[in-house]
Amino acid sequence: MTAKKNYLQDFMNELKSDSAASIHVSLRCKIIKDNGDHTFNVQPLALYDNGIKRPPILYVPATYIPIKAKYHDNLESQSEGSFFYAEISLNYQVGDVVVILFDDRDVTNLKGSATYSLQSSRTHDINDGVIIGKIYDGE
């Protein structure tokens with residue numbers, strides 16, 4: 001006796017796989033352009049299943065670690081509480097491999113630290129990404 005094919009189960013497995021493939025969580029990319037406004041254009045490194053390159057993701061902002069460095073040139077000549085501060089800036093460059101994280105919700109209306117209304121019901125969308133760091137490449 002031959003086993004019956006469970007078409008409903010096959011359909012549900014395919015639907016689950018397709019749904020999971022459309023959810024963006026994070027992606028490794030290479031920076032292809034510095035837009036000069038603390039955003040970057042990036043090229044995803046992972047190819048589609050058919051071997052075709054994914055399209056670039058444009059104007060992706062980058063996070064940074066806020067560090068304030070204090071130092072004295074001459075401890076004896078400085079009054080209490082008088083410090084010089086070193087400025088630390090982003091060090092993302094074209095060719096760097098970075099990790100992009102995708103927000104849970106649409107960030108189209110996000111401006112600074114203000115609360116914002118959602119423009120759409122989209123979730124985990126490739127248009128809502130942010131660079132969260134560089135991947136060490138051993139060089």
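This note goes through the sheet of a predicted model and then two residues with an unusual backbone angle.

1. The sheet. Five strands make up an open sheet, and following them across gives the order β3-β2-β1-β6-β7, with antiparallel pairing. At the edges stand β3, which covers 57–61, and β7, which covers 129–134; each has a single partner strand, so one side of each is left without a neighbour in the sheet. On average, and with direction ignored, neighbouring strands of this sheet are turned by 50° against each other.

2. How strands are held together. As background, strands of a sheet pair through backbone hydrogen bonds, and the pairing may be either parallel or antiparallel. Here, strand β1 (residues 26–34) and strand β6 (residues 97–102) run antiparallel and are joined by five bridges. To find one such contact in the structure, look at C29, whose bridge partner in β6 is V98.

3. The backbone angle phi. It helps to remember that most residues other than glycine have a negative phi. Against that background, H38 deserves a look, with a positive phi of about 65° although H38 is not a glycine. This residue is placed in the loop between β1 and β2, the latter strand covering 39–44. Is H38 buried or exposed? Its relative accessibility is 58%, and because exposed means over 50%, H38 counts as exposed.

4. A second positive phi. Y59, also a residue other than glycine, has a positive phi near 55°. Where does Y59 lie? Y59 is found in strand β3, and β3 is a strand that stands at an edge of the sheet.

Key
Residues numbered from 1 in each chain as written. Predicted model: local features only at pLDDT ≥ 70, side-chain atom pairs only at ≥ 80, totals over all residues. Heavy atoms only, no water. Pairing = 2+ DSSP bridges. Helix = DSSP H or I, 4+ residues; strand = E, 2+ residues; numbered from the N terminus. Axes fitted to C-alpha atoms, helices over the stretch in contact; angles between N-to-C directions. Buried < 20%, exposed > 50% of the residue type's maximum accessible area, 1.4 Å probe, protein only.
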